[in-house]
Amino acid sequence: KNLANIDYQVFFNEDPWHRGVISYHTAEIEQHWIASPNNHSFVLSNEKPSVLSLVGQFIIEGVWHIWIGLDHILFLIALLFPAVFFYQNKSGGTALKQSVHSRFTPMFIDTLKIVTAFTVSHSVTLALAAFEIVTLPAVMIEIAIAASVVFSALLIWLPSWQRFRWQLAFAFGFIHGFGFANVLGDLTLPQESFALCLFAFNVGVELGQLAIVAVVLPLMYSLRNAKIYTQVGIPLAMSCIALVGVFWIYERSMGL
C-alpha cells in the first residue's frame with residue numbers, strides 16, 4: 001500500500017553533486033533511496049523494496065562517484081599515460097625518451113595490470129572501512145590521495161620506475177579505498193543488505209573506471225606516434241596533474 005509521495009530537491013539548485021539519503025523504517029520493512037537531481041521522486045509504501053532496485057541505486061552511485069572524483073581519475077590517468085612507452089634498460093633520460101609500443105596488446109596488458117592492482121587494493125580498504133574494522137581521519141586520507149596524484153604524475157621523469165607502476169597502483173589503491181569509503185559512509189547503507197550494497201557500490205566504481213580506460217587507452221594508442229603528443233602533450237599534462245595535486249595538498253592541509 002502506498003503511503004506517501006516524496007519529492008526531495010534540497011540543495012540541488014546550489015550543488016548538483018549533492019545526494020540525499022531517504023530512509024523509512026518499520027518493524028518489518030527497511031527502505032532506502034538515494035536522491036539526485038535526475039532521480040528525486042519516490043513512493044513510500046509498506047511493500048518491501050526490490051533488492052535489485054537497491055543494488056541498482058548503489059551501482060549508479062559508484063559510477064557517479066568515480067566520475068566526479070577528479071583526484072581518483074587523475075591518479076589513474078597519470079599511471080596510464082606511460083603505457084605508450086616500453087621501458088628499455090638505459091641509464092639517464094626520462095620515460096619520454098623511450099620507444100613507443102608498435103602493438104596494442106602490450107599497452108592493454110600494462111593497463112590491465114594497473115587497473116586490476118588498483119581495483120584489488122581499494123576494494124580491500126573500502127570493505128574494511130565500511131565494516132568499521134579500520135578507520136582513519138578523513139582529512140589525512142584526502143591529503144594522502146592528493147600526494148599520490150603528485151607522485152604518479154612525476155613518474156614520467158623516472159624511467160626506472162615505469163616497470164613498477166602496477167605495484168604503485170596497488171599500494172596507493174589502499175589509500176584511495178578509504179576515500180571511497182568516506183563517500184559511501186555518507187550514503188548510509190541499509191543494514192539488512194549491507195554487504196550486497198557495498199558490493200554494488202564497488203561494482204559501480206569499477207564500471208566507471210573501466211569506462212574511463214575504454215576512452216583513454218584507444219586515444220593514447222592512436223596518438224602514440226605523434227611527437228607533439230609524446231614529447232609535448234604528455235609532459236604538459238603530467239606537469240598540470242602534479243600542480244593540481246600540490247594545490248590539493250595545500251588546500252586539504254588547511255583543514256587540519
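This report walks through the salt bridges of a predicted model and then visits one histidine.

## Salt bridges at a glance

Let us begin with the charged side chains. The predicted model holds three salt bridges. Arginine 252 pairs with aspartate 71, arginine 165 pairs with aspartate 110, and glutamate 142 pairs with arginine 252.

## Arginine 252 and its two partners

A good place to start looking is arginine 252, in helix α7, which spans residues 227-253. Its salt bridge with aspartate 71 brings the closest N and O atoms to 3.2 Å from each other. Aspartate 71 belongs to helix α2 (residues 70-80), so this salt bridge ties together parts that lie 181 residues apart in sequence. Are these two residues buried or exposed? Both arginine 252 and aspartate 71 are buried.

The side chain of arginine 252 also meets that of glutamate 142 in a salt bridge, with an N to O distance of 3.5 Å. This pair, too, links distant parts of the chain: glutamate 142 sits in helix α4 (residues 138-154) and arginine 252 in helix α7, 110 residues apart. Glutamate 142 has a relative accessible area of 23%, so it counts as partly exposed, because buried means under 20%. Arginine 252, with a relative accessible area of 18%, falls on the buried side of that cut-off. Taken as a group, Asp71, Glu142 and Arg252 form a linked network of salt bridges.

## Arginine 165 and aspartate 110

Which residue does arginine 165 meet in a salt bridge? The partner is aspartate 110, and the N to O distance is 2.5 Å. Here the link runs between helix α5 (residues 165-187), home to arginine 165, and helix α3 (residues 104-130), home to aspartate 110. The two residues are 55 apart along the chain, and their pair links distant parts of it.

How much of each residue can be reached? Arginine 165 has a relative accessibility of 3%, so it counts as buried. Aspartate 110 has a relative accessibility of 15% and therefore counts as buried as well.

## A look at histidine 65

Our last stop is histidine 65, which you can find in helix α1, residues 51-68. With a relative accessibility of 9%, histidine 65 counts as buried.

What is histidine 65 in contact with, once its neighbours within four places in sequence are left aside? The list is His72, Gly179, Phe180, Val183 and Phe201.

Definitions and conventions
Residues are numbered from 1 along each chain as its sequence is written. This is a predicted model: local features need pLDDT of at least 70, side-chain atom pairs count only at pLDDT 80 or more; totals for chains, interfaces and linings use all residues. Side-chain values use heavy atoms; hydrogens and water are left out. A salt bridge is a side-chain nitrogen of Lys or Arg within 4 Å of a carboxyl oxygen of Asp or Glu. Helices (H or I, at least four residues) and strands (E, at least two) are DSSP runs, numbered from the N terminus. Buried means under 20% relative accessible area, exposed over 50%, partly exposed in between (1.4 Å probe, protein chains only). Contact means heavy atoms within 4.5 Å.
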